[in-house]
Amino acid sequence: MKNESTKQKPAKICYEHIGGKLGQLLAVSFVEKGWIAKKNNSDKHFYITDLGEKEFTKLGIDISEIKPENL
């Protein structure tokens with residue numbers, strides 16, 4: 001009989017962000033939903049769209065804790 005913990009999937013935290021496959025899947029989903037985007041495809045960083053602000057808020061995520069940056 002397998003140990004129940006061997007069935008658990010990791011949700012990695014790295015430098016205060018979600019990393020690993022879960023982080024990748026979340027990012028892809030958020031882009032597909034239009035919640036995050038890049039100004040240019042070549043940009044390294046994403047920004048939260050107006051739709052994303054609304055949808056993250058609906059999920060109970062307080063994005064006011066995210067400091068604005070020049071992207």
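Let's start with Phe 30: leaving aside residues up to four places away in sequence, Phe 30 touches Trp 35, Ile 36 and Phe 56. Keep in mind as you look around that this is a predicted model.

Those contacts belong to a bigger group. The largest nonpolar core has five residues in all, and Phe 30, Trp 35, Ile 36 and Phe 56 are joined there by Ile 63. Here is the general idea behind such a group: in soluble globular proteins, nonpolar side chains tend to be buried together.

**The chain as a whole**

What order do the helices and strands come in along the sequence? Reading along, you get β-β-α-β-β-α, which gives two helices and four strands.

Now for the overall shape. If the 71 residues formed a compact globule, the radius of gyration would be near 11 Å, but this protein chain has 15 Å. Along its principal axes, the C-alpha trace spans about 50 × 30 × 25 Å.

How much of the protein chain counts as buried? The figure is 14% of the 71 residues. As for the surface, the accessible area comes to about 6,600 Å², and carbon and sulfur atoms account for 53% of that.

You can also look at who touches whom. Take the contacts between residues at least 6 apart in sequence: 13% of them join residues at least 24 apart.

Then there's charge. The protein chain carries 12 positive and 10 negative side chains, and the centres of these two sets lie 9 Å apart.

**Three residues to find**

Try picking out Gly 23, Cys 14 and Asp 62 in the structure. Gly 23 sits in helix α1, which covers residues 20-33. Is Gly 23 buried or exposed? Gly 23 counts as buried because its relative accessibility is 15%, and buried means under 20%.

Cys 14 belongs to strand β1, made of residues 13-14. With a relative accessible area of 33%, Cys 14 is partly exposed.

Asp 62 is in the segment that follows α2 (50-58). Asp 62 has 43% relative accessibility, so this residue counts as partly exposed too.

Each of these three can be paired with another residue, to compare separation along the sequence with C-alpha to C-alpha distance in space:

| Pair | Apart in sequence | Apart in space (C-alpha to C-alpha) |
|---|---|---|
| Gly 23 and Ile 13 | 10 residues | 9.0 Å |
| Cys 14 and Val 31 | 17 residues | 21 Å |
| Asp 62 and Gln 8 | 54 residues | 28 Å |

So where does helix α1 come in again? Phe 30, where we began, is part of the five-residue nonpolar core, and helix α1 (residues 20-33) is also home to the buried Gly 23.

Notes:
Residues are numbered from 1 along each chain as its sequence is written. This is a predicted model: local features need pLDDT of at least 70, side-chain atom pairs count only at pLDDT 80 or more; totals for chains, interfaces and linings use all residues. Side-chain values use heavy atoms; hydrogens and water are left out. The radius of gyration is taken over C-alpha atoms; the globule rule is 2.2 Å times the number of residues to the power 0.38. Buried means under 20% relative accessible area, exposed over 50%, partly exposed in between (1.4 Å probe, protein chains only). Contact means heavy atoms within 4.5 Å. Accessible areas come from the Shrake-Rupley method with a 1.4 Å probe; for residues, only the protein chains shown count as cover. Lys and Arg count as positive and Asp and Glu as negative; His and the chain ends are not counted. The place of a charge is taken as NZ of Lys, CZ of Arg, CG of Asp or CD of Glu. A nonpolar core is a set of buried Ala, Val, Leu, Ile, Met, Phe, Trp, Tyr and Cys residues joined through side-chain atoms within 4.5 Å.
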